[in-house]
Amino acid sequence: MKAKQHLAIALAGNANVGKSAIFNQLTGLNQIVGNWPGKTVERAEGKLFFHGYTIHVIDLPGIYSLSTYSMEEIVSRDYIAVERPDVIINVVDSSALERNLYFTLQLLELEAPIIIDLNQVDFAAKKGIRIDTGKLSTTLGIPVIPTVATTGTGVEELLLGVICVVEGKAQLKPLKVKYGKEIESRLEKIESLVQEKVPHLCEIYPSRWTAVKLLERDPDVIGKVQRYKEGNEVVSLAEASAIEIEKIHGENSPVIMASERYRIANSIIKDAASIIAPPQLTLEEKLDEITAHKIFGYPILVAIMVAMFALIFVGGDFLTRGLEVIFDDILIPTIANVLLTVLPSTIVDIVCGGIISGISAGVTIALPYIVPFYILLAILEDSGYLPRAAFLMDNLMHKIGLHGKAFIPLMLGYGCNVPACIGCRIMETERERFLAGFVTVLIPCAAVTVVILGLVGRYVGLHAALALYVFDLILILVLGRLAYRALPGEPVGLIMEMPPYKKPSPKNLLLKTWSRTKDFVYIAFPLIIAGSVVLESLSVAGLMQPLADLMNPVITGWLGLPPESGIPLTFGILRKELTLILLSELVSPKTLPQALTATQMIVFSLVTMIYIPCIATVAAMIREYGWKRALAVTVLDILLALLLGGIAFRLLPS
Amino acid sequence: MSRKEVYELVSCLLEIISMREVEGKPSQITDIAEELKRPVERLKMAVEIALKEGLIKRVKGTLKLTEKGRAEVQRHRESYLHRKYAHYPTFLGGIARFFEGKVNNWREHWRHRHGFNNNSLNQFYRDLQDFKGRIEDTLPLTDLREGERGIVTLMMTAHRFQGHHHLPGFVRRLAEMGLTPNTEVKVLRRSLFHGPIEVEVRGVSLALGYGLASKVLVKPVARETNES
């Protein structure tokens, strides 16, 4: 009987090669998405059973190189070198083989057991690229398995390939990456010195790889070597060699090494791949031509955004109403009645008003907007539109010191600030991430839009609501620019791959939406519930009125709002649309236009828009940037809202 | 020949000799004339002047640059880059250049007026020294039109050029994305006002910010339609 065995495999490869599609095909719903310990880099892992093996799959982040350009790259290479998965599946985009092989060569240098998943062969065939799988496999000395991730073709063979490698049935003769003579001779010297001086490091990383990285002046590896007593000797030899080869080639040593790897990759594809038909303008390319056009691209971008948010609002509104009936009219009274039989009424108030209405708030308000939003986002993402949007917006984003990619989280912010905040991870450096996060939380999310449209839009006029949005954009521009000046460090320019348009696969869309929604629930719900319990307890204990009195000087004196608005603004921390709901309850029997002047409505909406990122967003910020920065942003936003609200009250005609 | 023409011819001559030296080829007047597509007689005049000025010397029948000649090539290259690309090609850029006046000490000038630091300046001079080809033949990637191709000749590692700041790591990143020296790139799309450009390199399309792209110097490849 064959014993049940556990295998660990990792998926590695460039971005946009269909890596997560392969991951979804392998694991289905059996996946957990989290963070790498101590890093804000997404870690997706899943499990499957195959031929008596329990296979744990880790989806490494999509990267182009194993250098130290980004956190994703460091995480990936440390995982491969230190954790040593049994097999690494290198997912390769057949339609961009040369660039993908560049990464494969780096994996080979890490001396990891690899098999190649030649993905999107259908797409390559469409582009007229024919790849000789057998030849590629013999040249590289590792198994090469063609797949089409979107349909699942070849995934079974891929797993069989993995098993073959594990059981030693596949003959592996991985290609040795050979550089030019002048580099090889120096590498040999460095390598033998590495083996001699830092033997402990060689147990983790292959000595040749260390030598290569030293020659490339990889700061991370240099630091690792220098931690050993005799490491400095190795580093100075490597530095001297780097200077020598720079003299010969007249380029930077990392550039020389990159050129060399590309030379090797190029010679491999010359053998194994051929273009059989001249590429014709496909439908996708025509679409690309229009949607990223320097003039027509912009109206299309606006149209797509408007359509997307209109759809979310209409759909979300419809779902919210339905769910509200279920929760508020049926579920909560029933639970309250049941609880009243065993518990005193104050506790029932806290439980029902706090915990259950917290959950109900999350389910009835957040989810109906979040789920459609995530579905539409996944469509934009998988089809390849987002990079086009980033391309179009690069110029404008540069005004606030960010590049085009930052447009993506900003756009997400109009739906909900939580995914937007997490979406800032696409930025390359810590500085850019924080800067993007900082401006993102100022974007009025769907809940704020409900308040602005429901109050200002309805009673003052659409032009005033629009003015608020425009004002917010100007504010973002100004604050972004200030933060860009204030934050230390250098901004980064845009370097982004533009993947071709593709038809998204429904299975991937649903899985993506599902895992993101789950993530949202994990971040947002605990704090929404805790927050409702605290506020409900305060009101049950009769502390709400004193609190409102305490805030009165600011609310009425400085902002010029009616005294009732203190409490709604406090509850708005939980969910911003609560401000409007509570306000209309508190001023009753008067209607809103009777209770508030136009100026007061505008000031109220303005404060709601800026004053604090809601509690779920704060939670997301804490996770992404640490509590110190999250607190700083929160305090700053509150002060800013009060300042601007006060100024608006004094400037606007009453 | 006017003085300007002579000056231009001499600087071309020096550039060609320097290029051939980097490539390890000997330089004879006939080779140079062929490369420059100019008559040998005119070139002889330029050689005479250059010899008299001590910019080149004759070693075993071939022409070699002297120290002075090498310095002259360097100066020629940096002043060309400065004139053409270190300022925005706009009216305001022209005014800024006018007020800078004549530059005597280039090192100081780059440092004070263009935000170079010592490291980036050294790299910049090294790049210039190893530059293969005539500097007049190069353009920043941003100057190519849609559909045009170019071969990457020089990446300005310099810290600041045309007012944009960038992490020095960008050259490495570009190389990793396939934009290595001597690679052919094709401009697929440009955008309005100094927006990003989209290029095709090694069968992949990449979007590059304007600031980055303006630091990648390419030698334009003649379009097939023009040649025939």
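The exercises below, each followed by a worked solution, concern a predicted model.

**Exercise 1. Describe the overall build of chain A, and decide how its radius of gyration stands against the globule rule.**

Solution. Begin with the secondary structure, where chain A has 29 helices and 10 strands. Next, take the radius of gyration, which is 29 Å for chain A, and set it beside the 26 Å that the globule rule gives for 654 residues; the two values are close, so chain A is as compact as a globular protein of that length. The extent of the chain can then be described along the principal axes, where the C-alpha atoms of chain A fill a box of roughly 85 × 60 × 60 Å. Turning to burial, a residue counts as buried if 20 or more other C-beta atoms lie within 10 Å of its own, and by this criterion 45% of the 654 residues of chain A are buried. Finally, consider the contacts in chain A between residues at least 6 apart in sequence: of these, 73% join residues at least 24 apart.

**Exercise 2. Work out which strands stand at the edges of the open sheet of chain A, and why one side of each is left without a neighbour.**

Solution. Write down the strand order of this open sheet of 7 strands in chain A, which is E2-E3-E4-E1-E5-E6-E8, with mixed pairing. Strand E2 (31-35) and strand E8 (144-146) of chain A are at the edges, and because each has a single partner strand, one side of each lacks a neighbour in the sheet. From one strand to the next, the twist averages 25°. As a general background to the next step, strands of a sheet pair through backbone hydrogen bonds, either parallel or antiparallel. For E2(A), the pairing is with strand E3 (residues 42-50) of chain A; the two run antiparallel and are joined by 5 bridges. Within this pair, Ile32(A) stands opposite Glu45(A) in E3(A).

**Exercise 3. Identify which elements of chain A give two or more residues to the side that touches chain B, and follow the strand pairing between the chains.**

Solution. First count the participants: the contact takes 32 residues from chain A and 37 residues from chain B. On the side of chain A, the elements that give two or more residues are helix H3 (97-109), helix H12 (253-272), helix H16 (385-398) and strand E10 (495-497). The largest share, 5 residues, comes from H12(A). Sorted by character, the residues on this side of chain A comprise 16 nonpolar, 9 polar and 7 charged. Lastly, E10(A) runs antiparallel to strand E9 (residues 204-208) of chain B, and 3 bridges join them; here Ile495(A) has Leu208(B) as its bridge partner in E9(B).

Terms used. Residues numbered from 1 in each chain as written. Chains lettered and ligands numbered in written order. Predicted model: local features only at pLDDT ≥ 70, side-chain atom pairs only at ≥ 80, totals over all residues. Pairing = 2+ DSSP bridges. Helix = DSSP H or I, 4+ residues; strand = E, 2+ residues; numbered from the N terminus. Axes fitted to C-alpha atoms, helices over the stretch in contact; angles between N-to-C directions. Rg over C-alpha atoms; globule rule 2.2 N^0.38 Å. Buried ≥ 20, exposed ≤ 12 C-beta atoms within 10 Å, placed from the backbone. Contact = placed C-beta atoms within 7 Å. Nonpolar A, V, L, I, M, F, W, Y, C, P; charged D, E, K, R; others polar.
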